Amino acid sequence: MKATGDLAALRTAIDALDSDLMRLLSQRAGLALEVGKVKRAAGDTQFYRPEREAAILRRIMAENPGPLAKDTVAFLFREIISACLALESPLRVAYLGPAGTFSQMAAQKHFGTAVELQPGANIAEIFRLVDGGQAHFGVVPVENSSEGSVNQTLDLLLDYPLRICGEVQLRVVHNLVSSGAPLVALQRIHVHYQTRAQCREWLADHLPGVELVDAPSNAVAAQRAAADPASGAISTHIAAELHGLQTLAAGIEDNPENTTRFLVIGSMETQPSGADKTSLVVAGPNRPGSLHALLSPLAAAGISLTRIESRPARSAIWEYVFYLDLQGHCQDAPIAAALRELADRASFYRCLGAYPKAVY
Ligand SMILES: O=C(O)C(=O)C[C@]1(C(=O)O)C=C[C@@H](O)C=C1
């Protein structure tokens, strides 16, 4: 039916569509329950399938005729899949807490709101929770577009036998918040060191001379500002909401493209989704040309590296391991062949996982 300009008629048309949507959602949820039964009958405990979810979201975004934005459509379908998965089998996901951090926002962006979220006190605890089976998956920050790597995450990836099952990219928007005091009345600002680095210029321009107090997370910064009327905090909008704070200035990060990349860690192997990344850690003998020799099988096979990062090897001083991210899935035949050659040349080689590229 074509809606007319008449409000009552438009609402009648919306009601009819909502009923259709409800019926379709209910049918979809029923099918997901069936999928769960089929998996159980086959002894398959892998209810969460990152590659399938990524493929669904990519297809839906490509089919989107508008006027809804691509990201909005992805968000809506993310929630539908999240709810369907919860019917099959509930998922527990650990993130770097407390409540209100960017890690929580990343976990929700990736898994939707139907999972049980469990805050961990630090990055090492997230790895422990997942490794010990208290959480099915964990979400940890790995790099920021302005500040670079989160070294602790890189080191822990080597310490635990876990796999990278997915990645999440989150635009990091920092807000200056307080419990009511205006900007000019603020005597101190609680801020996490990474956030402080990302807002350096804004702080120098707008709050020169105001004391900056280190906080262990953006969420704790908000909690501290809530407890002291003369304090402000730089925090996430969810932490501000959680602690009843007001936003004095929004989007104060110096780089408007400021983005943090998070990894989803777990113990499953993710299958190819059609647009994937593979992450490796490698080391070569300490002699000239060693890194070049390690990488040349990738170059010869035309495989693109999206990231290379070195870290001290910890086994000997002035020796390094290299973290590589490459485009494609380690099960793709040309990549598998190139990786076998790379592994033959390496003194140390470990594949950390292959997983779908962040969808939105
Ligand atoms: O296709 C599956 O394997 C499902 O379990 C269904 C479904 C979905 O709702 O589409 C749910 C959870 C999985 O992570 C992927 C997809």
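Which residue in strand 14 is the bridge partner of Ser279? I opened the notebook with this point, and in the predicted model I found that Ser279 has Asp325 of strand 14 as its bridge partner.

**Entry 1: the sheet around Ser279**

I then looked at the pairing as a whole, where strand 12 (residues 276-283) and strand 14 (residues 320-327) are joined in the antiparallel sense over 6 bridges. Both strands belong to an open sheet of 4 strands, whose order I noted as 13-14-12-15, with antiparallel pairing. At its edges I found strand 13 (305-312) and strand 15 (348-356), each of which pairs on one side only. From one strand to the next I recorded a twist that averages 15°.

**Entry 2: helices 11 and 12**

For helix 11 (residues 290-300) and helix 12 (residues 333-345) I looked up the axes, which come within 8 Å and cross at roughly 170°. Since an angle over 145 degrees counts as roughly antiparallel, I entered helix 11 as roughly antiparallel to helix 12 because of that crossing. On the side of helix 11 I listed Ala293, Leu294, Pro297 and Leu298, and these meet Ala338, Glu341, Leu342 and Arg345 of helix 12. Sorted by class, the residues of this contact are 6 nonpolar and 2 charged, with no polar residue.

**Entry 3: the sheet of 5 strands**

I turned next to an open sheet of 5 strands with mixed pairing, in the order 8-7-9-6-10. Its edges are strand 8 (211-214) and strand 10 (246-249), and each has a single partner strand, so one side of each is left without a neighbour in the sheet. Ignoring direction, I noted that neighbouring strands here are turned by 35° against each other on average. Strand 6 (residues 175-178) and strand 10 run antiparallel and are joined by 3 bridges, and within strand 10 I found Thr247 standing opposite Val177. Helix 9 (residues 218-227) packs on this sheet, where I saw that helix 9 touches strand 6, strand 7 (188-191) and strand 9 (231-235), and that its direction makes about 160° with that of strand 9.

**Entry 4: the shell around the ligand**

Which elements give two or more residues to the shell around the ligand? I first wrote down the surrounding residues, which are Ala32, Val35, Phe47, Tyr48, Arg49, Arg52, Glu53, Ile56, Ile81, Cys84, Leu85 and Glu88. The elements I was after are helix 1 (7-41), helix 2 (50-63) and helix 3 (70-88). Of the elements, helix 3 gives the most to the shell, with 4 residues. By class I noted 8 nonpolar and 4 charged residues in the shell, and no polar ones.

**Entry 5: domains**

The assignment I consulted divides the protein into domain 1 (91-172 + 259-266), domain 2 (175-249) and domain 3 (276-355). Between domain 1 and domain 2 I noted a separation of 24 Å for the C-alpha centres, and a contact that takes 10 residues from domain 1 and 12 residues from domain 2. On the side of domain 1 that touches domain 2, the largest share comes from helix 4 (residues 102-111), with 3 residues. That side of domain 1 divides, by class, into 4 nonpolar, 5 polar and 1 charged.

**Entry 6: cis peptide bonds**

Most peptide bonds are trans, and I therefore kept a separate entry for cis bonds. The bond from Gly66 to Pro67 is cis, with omega near 0°, and I located Pro67 in the loop between helix 2 and helix 3. The peptide bond from Gly97 to Pro98 is also cis, again with omega near 0°, and I placed Pro98 in the loop between strand 1 (92-96) and helix 4.

Methods: Residues are numbered from 1 along each chain as its sequence is written. This is a predicted model: local features need pLDDT of at least 70, side-chain atom pairs count only at pLDDT 80 or more; totals for chains, interfaces and linings use all residues. Axes are lines fitted to C-alpha atoms, for helices over the stretch in contact, and angles run from 0 to 180 degrees between N-to-C directions. Angles under 35 degrees count as roughly parallel, over 145 as roughly antiparallel, 65 to 115 as roughly perpendicular and the rest as oblique. Two residues are in contact if their C-beta atoms, placed from the backbone, lie within 7 Å. Ala, Val, Leu, Ile, Met, Phe, Trp, Tyr, Cys and Pro count as nonpolar, Asp, Glu, Lys and Arg as charged, and the others, Gly among them, as polar. Two strands pair if DSSP finds at least two bridges between them. A residue is near a molecule or strand if its C-beta atom, placed from the backbone, lies within 6 Å of it. Domain bounds come from an automatic or database domain assignment.
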